[in-house]
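I sat down with this one to look up its cores and its ring contacts. Here are my notes, in the order I made them.

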Amino acid sequence: MDPSASFKTELNDDRLSPPQIIRSSLSPPPSSQVAQNNAAASTPLEFAHSQRPNTMLSPPTTTTHILNRDRPNMAEYVPPPADQIDNATIDELRSMLQTCLSVNARLKSETAHHNLQYELLSMQAMEDANRANVEHEMTRREVEALRSAEHVRQARRELETRVDPLQLKYRELQQTHDALTKEHNELLRRFKSASRLVQQQAEQIEVLNDDREMLLNRIRENRQHFHMLCSPGGVFYGALTPKTPATSPQQHRTTPRQTPRSAARGGRYESETNVAGFAALLQALNQDNSAPTTPTSANRPTPRVPFRQHRAAHSLSSLPATPLSRSRGNPGLLPSLDLVPQTEPPQRYGNRVGPQTPTPRKRRKSRESTISAEDENEGRARAMTLESVAAAAQSYLSSGSRLSQRRAGEEEEVFESQASQAASEMLRRDPRESFEVASSVGSRDVTPVPAEKPNKLQTKLYAPPANMATLPRGLKAVLAKAPTDTVILSSLRTPICRAYRGQLKDAYPEELLSIVLRATLAANPSLDPSQVHDVAVGVVLSELGGSKAARMALNHAGFPNTTSLHTVNRACASSLQSIAATAAQIQVGMVDAGIAAGMESMTRNYGSRAIPVDVWPALKESPNRHARDCVMPMGLTSENVASRYGVSRSDQDAFAVESHLRAARAQASGAFGAEIVPVHTRFQPVNKQGEAKGEAQDVVVTADDGVRANATLEGLAKLKPAFKTDGTSTAGNSSQVSDGAAATLLMRRSTAAALGLSGSVMGKFVGAVTVGCDPDEMGVGPALAVPALLGRFGLANADVQRWEINEAFASQAIYCVRALGLEGAWEKGEVNPDGGAIALGHPLGATGARLASTLLHGLGRTGGEVGVVSMCVGTGMGMAGLFVRE
């Protein structure tokens, strides 16, 4: 055998792979293997290596014991000394090398077994540690559960200890509740008794009013009969007043209490001839009056206001009711003796279609008691009248006997008889005084009985301001109160939100109208919806003029079918026009109460930018420039105003910033809280491209969302012109395209008093005017309408405490403020003090009512009285309205 090959083989055998473990069940332990290798040293190493398995197998747990058991039997390897190696032959050297290799392999195998055992022990230790952790965690949880159970038991014990005090307190509260319930029931019983008493008093007042009306009618009939008897051709003609000779008409004097001295001539004869006339007069008065005892009345239609409340209106006005059958020009009464002025408004018909039947009056008193009361009152009045006339007749007869004893030629002044004076005083007596007639007629100075004290509510309603005497004439007339005034009971609006992106973009205009109409009823809970006779809705962009949708919203809000509705379209002034139209209906007696509203959803209906698409082509090519300018975009009209009247871009931006800042301050202070109605609606968020993102939400909108509290001049200056490349009007200094609605409840003052709503009156609508201007500069409309309005009512700028001028564009708003001389008022915060349409928005059909609401609530906060609302109107118009806060 070649030694070199043998050593090479040994070297190759020495490069062992990573230690591999032989299953103890398949191979003997390493000690036996070493023994075998020592016994058979001639066995090739390659064969032994090739017989080893290639996979590592886990030895059983007995491996350690086997190794420990075999280790004592194994001899320790002792390396041969150096001299033995030097003297050894090749075979010996090979044997020694083989022995070394065998021992090395055995040691490696043992090392591998020890490492594996260590890993197994580590895994077992880790498993034991994990098991211990799990057991610890379970123990901890068990301890916590026990602790919690202990806490629960402790809490239960504490609760049980507190049960008795709580039960005692509960019994005390139960006793208190029973006592309060008993007191509540007692108060409720007393309230019902008081209500019945009040109802009985009201019925008694109604009966007394009827008796009063009947007696007044009898007095009128008696006066007519009396004048007929005393007129030429009557039975008693000349019995009261001596006849005046016809030969000297110059002797007639205008003094009613004196006769000319020449009339004393022949007085003896006349006094003797008049005795028979007085006797006949006394006999006629002692007899039953031939005049009817009950007033005649025409067929009265059923009033839209309940009858009892109508009677209350008469009592509040301190004026007697006038029967409808009496004509104003009754020739039987003296011109100066029209004692019952007809100041009450005419009655409205409950149903304007079909015949009407009179509504019987409900009384609790029996017919017998009413007749007896009437007879008693009639007898008392007749007795007093007879006493007066008898005393007057006796005085006249005594004066006649004295005159007969005087010389016929003696010139002396003769006064009218006491009977004539008494009759004149009776006829001239104010019917608002007591029905008692002064029994002392012997005195020439017949003092009438003082009138009844005016009603406190009437005094409060119609009392003039304390400084009325010092006010200018026009302002005095505007502030004066009258039963025929058109008063405002509520003025509400929804939040005004940006179109397309604002929180009301998904709401329908009729939805907003229904919400604000329902809020109007809620603000006046004692108002019966059927007493609102008509509703006018300002709307510009809705389909079919919004009439059908608005009518649906009216019924949906809870109004009956008897309440009518119509829509109004005067562009930006539509809802102010609806206020004026409703007030006009009230003034002429067409309605007694109405609602003026406005609605607009520019998100849904502003597709054509309020410019008609299908129009007669001849108008677009009309030779009249103004006709063509009626369809000019509003932005271009703003540019015309800015260029023609010198309104710079910087002024417009500064005006817009101030509008936003004022609106932000008002919003932060809660100034809009009283006028805004929350809107429950849905909202779909959108991105900048208008595409829906996320899910739709149910939201409650309570504030205007177009106000920018962080608006600055620098930010607005960066915006590009919106209508002309070299223009000055931008999206920042123009009004916002918005969605919203508003409503104002109007009523005649006397109707409000009759319905018991006088305490809800917040102001009155005085009047409005409209003017026209060039369509291509329609923004100047307020500068023309406001002077016309103030001139009509005799007012000056100083008489107005608050101005609400719509900010369609900053250019036209600035021009109007300058043209009206309101620069100082603007600086003082009297013009748009809470911002305008640039910050709040401009929903076309609702803007007028929104301005009126902001004006009235603002005057209420500041204590002002007179306010003006004005706006420009597309196609070249302006409108202004005058309001008074009370």
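Entry one, the overall picture. I find that 40% of the 886 residues count as buried. This is a predicted model, and I keep that in mind throughout. I list 27 helices and 14 strands. The accessible surface comes to about 47,900 Å², with 56% of it belonging to carbon and sulfur atoms.

Entry two, the cores. I looked up the largest nonpolar core and found 41 residues; Leu513, Leu517, Val537, Phe559, Ile595 and Met747 have the most contacts inside it. Helix 13 gives the largest share of this core, 7 residues. I then followed Ile595, which touches Phe559, Leu517 and Ala743, among others beyond four places away in sequence. Apart from this core I noted another, of 35 residues, including Val769, Val800, Ile814 and Leu822.

Entry three, the aromatic pairs. My count is 4. Phe723 and Phe809 meet edge-to-face, with 6.1 Å centre to centre and 80° between the planes. Phe723 lies in the loop between helix 21 and strand 10, and Phe809 in the loop between strand 12 and helix 24, so this pair ties together parts 86 residues apart in sequence. Are the two rings buried or exposed? Phe723 is partly exposed at 36% relative accessible area, while Phe809 is buried at 8%.

I also checked Phe765 and Phe883, an edge-to-face pair at 5.3 Å and 65°. Phe765 sits in strand 11 and Phe883 in strand 14, 118 residues apart. Both are buried.

Entry four, charges over rings. The charged end of Arg662 sits over the ring of Trp826, 3.9 Å from its centre. Arg493 lies over the face of Phe672, at 5.3 Å from the ring centre.

Terms used:
Residues are numbered from 1 along each chain as its sequence is written. This is a predicted model: local features need pLDDT of at least 70, side-chain atom pairs count only at pLDDT 80 or more; totals for chains, interfaces and linings use all residues. Side-chain values use heavy atoms; hydrogens and water are left out. A nonpolar core is a set of buried Ala, Val, Leu, Ile, Met, Phe, Trp, Tyr and Cys residues joined through side-chain atoms within 4.5 Å. Buried means under 20% relative accessible area, exposed over 50%, partly exposed in between (1.4 Å probe, protein chains only). Helices (H or I, at least four residues) and strands (E, at least two) are DSSP runs, numbered from the N terminus. Contact means heavy atoms within 4.5 Å. Accessible areas come from the Shrake-Rupley method with a 1.4 Å probe; for residues, only the protein chains shown count as cover. Rings of Phe, Tyr and Trp (its six-membered ring) pair if their centres lie within 6.5 Å; planes under 30 degrees apart count as stacked, over 60 as edge-to-face and the rest as tilted. A charge sits over a ring if NZ of Lys or CZ of Arg is within 6 Å of the ring centre and within 35 degrees of the ring normal.
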